[in-house]
Amino acid sequence: PWKKQTRAAGFIAACDQALASVPTLWPAGWAPDNAVCKDRNLVITWARQETGRLEHLLNTLPDADIAIDGNKATLTRRLELPGGENDVLPKQKERIAALYDIAQRYGFNFALKAPANEAPVLGQPAEAEPTWKSLEWTVADMALAPVRVAPLFEGGGFRLNQIKLSFAEGIMKWTMEGTQYVQP
């Protein structure tokens, strides 16, 4: 599957380009909740503040969608993702050690886990063991943008599935989620 997925750097560039196409993240009287790049879209959500009016939001972001209660808004932009590449996959043991070494060296909140396995269906033949495995990873609550962090982790079979920018009490935090494909 990694052959069809954009490498991390390409995903980040597409997300950054989509974010840059938005005139502002702070329209008058509206506060951003989050911006999420996932699949092939960037989706930004806002909450109306006490002094916020739809007029202010729509003057700046005319293609925003307004929630039925008039207090939330979303804007969707398409990600222009480049194609994938057929990487040589690293060995699982070495790649896990390298990923945690990077995370520990730089103090990142990094987690790695194996995806939930699907139980075989009774009465059906078992599938042949694949020549690769996938590991889900997360780097959470970063002050640094993904363009600064992801290159440290880059390697064969390293893919980025989601970037989330959260806004809370004047603080912006980034979270990245993805898949690391490895040889067993």
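Glu50 lies in the loop that joins β2 (41-48) to α2 (54-60). The model is predicted. Glu50 has a relative accessibility of 79%, so this residue counts as exposed. Trp30 is 20 residues away from Glu50 in sequence, and the C-alpha atoms of the two residues are 8.7 Å apart.

A second loop position is Asp87, between β4 (72-78) and α3 (92-106). Asp87 counts as buried because its relative accessibility is 10%, and the cut-off for buried is under 20%.

The two loop residues are set out below.

| Residue | Loop | Relative accessibility | Class |
|---|---|---|---|
| Glu50 | β2 (41-48) to α2 (54-60) | 79% | exposed |
| Asp87 | β4 (72-78) to α3 (92-106) | 10% | buried |

What does the side chain of Asp87 make a polar contact with? The partner is the side chain of Arg159, at 2.8 Å. Apart from neighbours within four places in sequence, Asp87 is in contact with Trp2 and Arg7, and also with Gly155, Gly156, Gly157, Phe158 and Arg159.

The remaining feature is a pocket. The second largest pocket holds about 200 Å³ of space. Its lining includes Lys4, Gln5, Thr6 and Phe11, together with Asp39 and Arg40. Leu81, Pro82, Gly83 and Gly84 also line this pocket, as do Leu160 and Asn161. By class, four of the lining residues are nonpolar, five are polar and three are charged. Among the charged residues are Lys4 and Asp39, while Gly83 and Gly84 fall in the polar class.

Technical notes:
Residues numbered from 1 in each chain as written. Predicted model: local features only at pLDDT ≥ 70, side-chain atom pairs only at ≥ 80, totals over all residues. Heavy atoms only, no water. 1 Å grid on protein atoms, 1.4 Å probe; cavity = no way out; pocket = protein on both sides within 12 Å on 5 of 7 lines; lining within 4 Å. Points joined across faces, edges and corners; volume = space filled by probe spheres on them. Helix = DSSP H or I, 4+ residues; strand = E, 2+ residues; numbered from the N terminus. Buried < 20%, exposed > 50% of the residue type's maximum accessible area, 1.4 Å probe, protein only. Polar contact = N/O pair within 3.5 Å; in protein donor to acceptor, adjacent residues only side chain to side chain. Contact = heavy atoms within 4.5 Å.
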